[in-house]
Amino acid sequence: MPELPKTMHAFVLHEHGGMDALRYHEDWPLPEVGPDDVLIKVGACGMNNTDINTRVGWYSKTVTGATESNASEKSGDTDPSWGGAPIRFPRIQGADVVGEVVAVGANAEQALLGKRVMTDNWMRDWDDPMNRDRTGYYGSERDGGFAQYATADRRNVGAVNSPLSDAELATFSCSYTTAEGMLSRAGVGAGDRVLITGASGGVGSALIQLAKRRGATVIAMSSPAKHEQLRELGTDAMLERTPADLAGALKSATGQPSVDVVCDIVGGDSWPSLLEVLVRGGRYACSGAIAGPIVSLDLRTLYLNDLTLHGSTVVPPHIFTDLVGYIERGEVRPLLAATYPLRDLQAAQRAFTEKAHVGNIAIIPD
Ligand SMILES: NC(=O)c1ccc[n+]([C@@H]2O[C@H](COP(=O)([O-])OP(=O)(O)OC[C@H]3O[C@@H](n4cnc5c(N)ncnc54)[C@H](OP(=O)(O)O)[C@@H]3O)[C@@H](O)[C@H]2O)c1
């Protein structure tokens, strides 16, 4: 193994706020490798809305608007992280690390040295790994991968054998485990008709591929400019982002005005129509609210139609190991829209929030 440097290039979040809160450093200390850790030389790190939501403090209950709303001006600093506890600064964000293991702690398998790995973003108490109260998010409760090097617990990395590039592999982890968690919680299987919102994004495009993998019929909602690319993923029908008459749009696109399952990461003002198109006994799963977290629920729609609502965030550990298998067997494919060098992380975040892309954007260390 090559000798390791003492410092590295890193983009560091110093406080909640605008882009200025993110600062580039060329002499940040290399992270210490704990007994259960591996040190990864980062080849690429994917982006996620969590990075932005955390930076601006959008998770605070004082914020009621869409993700792009200027949350940091309104949020207090008592609950602005995904898990409700304050973030400790300085913090290196970035949950989807792909790279080579260049050092291992005393308890980590030597065999991991030199392996190409990807990371599972759910940090766990490994004495109680199914306890969702004892979890943290990589790049939020622990430093992540917007740097040349990153550490991760040995049980949070998966060796991956794939012809895909590091940047392509970095599109998968958070989005696809989130999507698989939603599908598994809603019990999606062959024969289900699944409606997916925000279908062009990281989680949405993962939902399309993973729902098709389960044998479901997929109807995807997205801006029309992105429809062509999403059809190539195997969607059975495409609808616009927010049709004025959702049941009518479904009927004309598929012959039926209803679906068995809705997988939603958008929320916002048009949310009630998503429940209205569910069949009796239908299931709704939610992992995000990019258009706004406060929605209006008519309880009659819920109980008179025997609906089940699922929230989904922390997923069990097997979801990540299953995903590595899907990637290695070519059952899912990456949608890499762009790469940016680490020093241009701010430009990458601007492009990410403009939402002109399909899939995900990855950061490549200098
Ligand atoms: N719970 C979890 O563990 C978890 C994990 C990952 C992500 N999330 C959350 O899930 C949501 C989606 O994440 P993602 O990574 O898939 O996001 P993304 O890549 O940014 O995609 C979101 C898509 O939603 C669509 N959209 C619809 N209405 C929108 C609006 N008002 N503003 C912006 N976009 C809108 C856009 O597609 P069109 O232009 O095609 O409509 C956009 O591409 C985020 O809120 C994120 O925080 C949660």
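Here are some exercises with worked solutions on this predicted model.

**Exercise 1: Two domains**

Find which stretches make up domain 1 and domain 2, and work out how many residues each gives to the contact.

Solution. Start with the bounds. Domain 1 covers 7–171 + 334–364, and domain 2 covers 185–311. Now take the centres over C-alpha atoms: 28 Å separate them. Next, look at where the two domains touch. Domain 1 puts in 11 residues and domain 2 puts in 11 residues. Finally, sort the side of domain 1 that touches domain 2 by class: you get three nonpolar, eight polar and no charged residues.

**Exercise 2: Placing the ligand**

Explain why the ligand lies between domain 1 and domain 2.

Solution. Begin with the shell. The ligand is surrounded by 29 residues, and the closest are G198, G201, S222, G288 and A291. Then check the helices: α1 (49–56), α3 (173–185) and α4 (202–213) each supply at least two residues of this shell. Now go back to the domains. Both domain 1 and domain 2 give residues to the shell, so the ligand lies between them. As for the make-up of the shell, it has eight nonpolar, 18 polar and three charged residues.

**Exercise 3: The six-stranded sheet**

Work out the strand order of the open sheet of six strands, and say which strands are at its edges.

Solution. Read across the sheet and you get β12-β11-β10-β13-β14-β15, with parallel pairing. The edges are β12 (237–239) and β15 (308–311), each of which pairs on one side only. On average, neighbouring strands here are turned by 20° against each other, direction ignored.

Now zoom in on one pair. Strand β10 (residues 193–196) runs parallel to strand β13 (residues 259–264), and three bridges join them. For a concrete example, pick L195: its bridge partner in β13 is V262. To finish, add a helix to the picture. Helix α6 (residues 246–254) lies across β11 (217–221), β12 and β13, and runs at about 150° to β12.

**Exercise 4: Following β4**

Find which strands β3 and β5 are joined to by bridges, and which way they run.

Solution. Take β3 to begin with. Strand β3 (residues 37–46) is linked to strand β4 (residues 96–104) by eight bridges, and the two run antiparallel. C45 is one residue to look up: its bridge partner in β4 is V97. Move on to β5 (residues 116–119), which is joined to β4 by three bridges, again antiparallel. Here G99 has V117 in β5 as its bridge partner.

Between β4 and β5 comes a loop, and G105 sits in it. Setting aside neighbours within four places in sequence, G105 is in contact with V33, G34, P35, D36 and D37. Take D36 from that list: it is 69 residues from G105 in sequence, yet 5.5 Å away in space, C-alpha to C-alpha.

**Exercise 5: Is α1 covered or open?**

Decide how many of the eight residues of α1 are buried, and which elements they pack against.

Solution. Count the buried ones: six of the eight residues, which makes α1 mostly covered. They are T50, D51, N53, T54, R55 and V56. Next, see what lies against them: these buried residues pack against β1 (7–13), β2 (22–29) and β7 (135–137). Step just past the helix and you meet G57, whose phi is positive, near 80°. Further on, the loop between α1 and β4 holds P90, and a cis peptide bond joins F89 and P90, with omega about -5°.

**Exercise 6: Exposed or partly exposed?**

Classify D306, K355 and D366 by their C-beta neighbours.

Solution. Go one residue at a time.

- D306 is in the loop between α8 (299–304) and β15. It has 11 other C-beta atoms within 10 Å, so D306 is exposed. Its phi is positive, near 55°.
- K355 is in the loop between α10 (345–354) and β17. With 15 C-beta neighbours inside 10 Å, K355 counts as partly exposed. Its phi is positive too, near 60°.
- D366 is in the segment after β17 (360–364). It has 11 C-beta neighbours inside 10 Å, so D366 counts as exposed. Beyond four places in sequence, D366 is in contact with H9, P341, L342 and R343.

Conventions: Residues numbered from 1 in each chain as written. Predicted model: local features only at pLDDT ≥ 70, side-chain atom pairs only at ≥ 80, totals over all residues. Pairing = 2+ DSSP bridges. Helix = DSSP H or I, 4+ residues; strand = E, 2+ residues; numbered from the N terminus. Axes fitted to C-alpha atoms, helices over the stretch in contact; angles between N-to-C directions. Contact = placed C-beta atoms within 7 Å. Near = placed C-beta within 6 Å. Nonpolar A, V, L, I, M, F, W, Y, C, P; charged D, E, K, R; others polar. Domains from an automatic or database assignment. Buried ≥ 20, exposed ≤ 12 C-beta atoms within 10 Å, placed from the backbone.
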